[in-house]
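Student: Could we go through this model together, taking each label that is put on it and asking what entitles us to use it?

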Amino acid sequence: MVGNHAVAYAVKQAKPQVLAVYPITPQTTMLEKLASYAASGELNAKLIKVESEHSAMASIYGAAIAGARVFTATSSQGLLYMGEVIYWAGGQRVPIVAGIATRAIGSPWSIWDDHQDFVSKRDAIWIQMMAENVQDAYDMTLQAFKISEDKRVILPVMMGFDGFVLTHTMERLSTLDDANVGSFIPERDFNIIDFDKPIGIGPIATQENYIKYRYKAMQAMERSKEVIEEVSKEYSTLSGREQHGLIEFYKCDDAEYIIVAMGAWAGDARVAVDELRSKGISIGLAKLRVVRPFPKEKLMQVKDRKALIVLDRAYSYGFGGILATEVKASLYNANIPIYSVIGGIGGKELGKNEIIGVVEKLLSGKLESEVWLL
Amino acid sequence: MTNIDELAEELPISKPSIGSAGKTGTWRVEKPVIDLDACKKCDMCILECVESTINKRSDGYPEIDYDYCKGCGVCSTVCPVKAIKMVAEVKM
């Protein structure tokens with residue numbers, strides 16, 4: 001299946017009762033698939049036709065509060081337009097799963113892949129996961145529902161996957177049986193609304209109270225680290241595919257150099273690692289599967305290496321590569337050289353050869369602390 | 001189903017009660033003060049108060065709950081005998 005259809009299939013198996021999705025490239029074919037599931041009765045869900053992404057998020061926010069399992073998906077400008085309600089959902093801590101087909105932000109106009117849209121929502125009190133391939137996107141979507149609805153967490157979850165690179169690429173996909181999915185994510189057993197005891201949602205919080213709820217949200221985000229690892233282990237056993245929790249360390253045990261990446265080009269980095277290893281270079285890959293919460297404690301496992309190379313498909317203009325910044329902050333006391341590589345912005349092609357090129361430059365002492373692969 | 005009171009500790013949820021948004025009277029800049037000698041007990045201020053913070057006493061006179069009165073001045077404006085004056089709030 002292509003990535004969009006793989007995610008739609010996972011959503012169908014998760015049995016949400018309410019969906020609201022507004023079309024935007026490169027997510028649209030997922031909406032079309034979900035609409036056909038709902039029309040044929042394969043998925044018994046209400047698909048609300050909305051006039052915008054803002055309304056899409058607002059309507060599933062209400063449905064989720066009322067007890068429904070919900071899903072939406074978007075990309076780029078759509079994610080930005082959804083933005084206001086994204087923060088409402090995070091602050092209110094509504095269990096929601098959203099698929100984000102990552103795409104560059106205008107201007108100039110681009111329909112192609114980078115991560116600028118996805119990372120712009122990193123302070124919205126949402127858990128953020130990022131898939132490496134179509135299989136990952138399917139697996140993560142199912143895990144996202146379970147994490148989001150865990151009572152120790154109760155947070156919305158974004159599952160990012162690279163626009164076109166994954167959304168429109170066909171890969172062989174292993175799926176779970178519906179019965180297995182049903183036992184992995186049974187119906188939600190709690191409801192924020194108790195119809196016998198009226199409550200207000202989205203209330204005002206005075207200066208005394210607001211900060212307390214934000215503090216609780218911070219704690220929930222910290223607690224989610226353990227839940228994500230637990231859910232990942234359970235899913236690994238169920239599927240027979242190792243999920244690696246917050247971060248995957250690939251060939252890192254003895255590696256002198258580590259590449260840090262998230263998303264589809266973690267796959268290119270993986271191939272680059274294999275090829276460099278065959279040439280006798282001691283290198284590994286740390287794949288960030290989850291970036292909110294950021295696995296800063298786990299990153300400490302690679303603090304005593306010769307150097308890290310962080311790949312970024314998004315940039316904080318006026319400062320630096322966004323993941324590079326976060327990796328540096330996580331390893332503040334480690335005294336390890338951390339190189340920042342910016343590439344793939346707006347869909348610029350890159351693959352294992354470019355990554356190998358960067359590593360070779362590092363080994364010859366010619367790599368600058370920040371490089372743009374133009 | 002989880003107990004709603006348990007979730008209300010964790011999530012920002014309000015339950016219907018007096019002052020569920022806190023003591024909003026602290027927001028006041030000007031304070032309405034009723035001259036009971038001039039008051040005709042017409043209840044206009046009680047009916048028009050946008051925050052329902054004016055109550056009717058047992059003797060029929062209005063009484064302002066200063067814990068929640070935000071000092072908007074509507075009562076002072078609608079009073080037909082000009083019995084409610086807005087005076088500068090003194091913060092302690």
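Tutor: We can begin with Arg277(A) and Asp254(A), whose side chains meet in a salt bridge at 2.9 Å from N to O. Arg277(A) belongs to helix α10 (residues 265-278) of chain A and Asp254(A) to the loop between β8 (247-250) and β9 (257-261), so the pair ties together parts that are 23 residues apart in sequence. Helices (H or I, at least four residues) and strands (E, at least two) are DSSP runs, numbered from the N terminus.

Tutor: Before going on, note that this is a predicted model, in which local features need pLDDT of at least 70 and side-chain atom pairs count only at pLDDT 80 or more, while totals for chains, interfaces and linings use all residues. Residues are numbered from 1 along each chain as its sequence is written, chains are lettered from A and ligands numbered from 1 in the order in which they are written, and side-chain values use heavy atoms, with hydrogens and water left out.

Student: Why is the meeting of Arg277(A) and Asp254(A) called a salt bridge?

Tutor: The term requires a side-chain nitrogen of Lys or Arg within 4 Å of a carboxyl oxygen of Asp or Glu. The N to O value for Arg277(A) and Asp254(A) is 2.9 Å, and the pair therefore satisfies the rule.

Student: What makes Asp254(A) exposed or buried?

Tutor: Buried means under 20% relative accessible area, exposed means over 50%, and partly exposed is in between (1.4 Å probe, protein chains only). Asp254(A) has 53% and is therefore exposed, whereas Arg277(A), with 23%, is partly exposed.

Student: How do you know that the side chains of Lys146(A) and Glu234(A) meet in a salt bridge?

Tutor: Lys146(A) and Glu234(A) have an N to O value of 3.8 Å, which means that the pair passes the cut-off already given. Lys146(A) lies in helix α7 and Glu234(A) in helix α9 of chain A, so parts 88 residues apart in sequence are tied together. Glu234(A) itself is partly exposed, at 37% relative accessibility.

Student: What makes Asp136(A) count as buried?

Tutor: Its relative accessibility is 9%, and Asp136(A) therefore falls in the buried class. Asp136(A) sits in helix α7 (residues 134-149) of chain A and is linked with Glu132(A), Glu248(A), Arg270(A) and Lys287(A) in a network of salt bridges. Leaving aside neighbours within four places in sequence, Asp136(A) is in contact (heavy atoms within 4.5 Å) with Ala131(A), Lys287(A) and Arg289(A).

Student: Why is Thr74(A) called buried?

Tutor: Thr74(A) has a relative accessible area of 0%, and the label therefore applies. This residue of strand β3 (residues 70-74) touches, among others beyond four places in sequence, Ile24(A), Glu53(A), Met82(A) and Ile100(A).

Student: What makes β9(A) mostly covered?

Tutor: Five of the five residues of β9(A) are buried, with Tyr257(A), Ile259(A) and Ala261(A) on one side and Ile258(A) and Val260(A) on the other.

Student: How do you know that β9(A) and β10 of chain A pair?

Tutor: Two strands pair if DSSP finds at least two bridges between them. β9(A) and β10 (residues 283-288) are joined by five bridges in the parallel sense, and they therefore qualify. Within this pairing, Ile259(A) stands opposite Leu285(A).

Student: Which strand of chain B is joined to β7(A), and in which sense?

Tutor: Two bridges join β7(A) to β1 (residues 13-14) of chain B, and the strands run antiparallel. The bridge partner of Gly200(A) in β1(B) is Ser14(B).

Student: How many residues of chain A are in contact with chain B?

Tutor: In chain A there are 24, and they are in contact with 18 residues of chain B. The two chains bury about 1800 Å² between them, 60% of it on carbon and sulfur atoms, where buried area is the accessible area (1.4 Å probe) that two parts lose on being put together, summed over both. In chain A, Ile199(A), Ile204(A) and Tyr213(A) lose the most area to chain B, together 23% of what that side buries.

Student: Why is the pair Glu10(B) and Arg223(A) said to form a salt bridge?

Tutor: The closest N and O atoms of Glu10(B) and Arg223(A) are 3.1 Å apart, and the criterion is therefore met. The rule finds two salt bridges across this interface.
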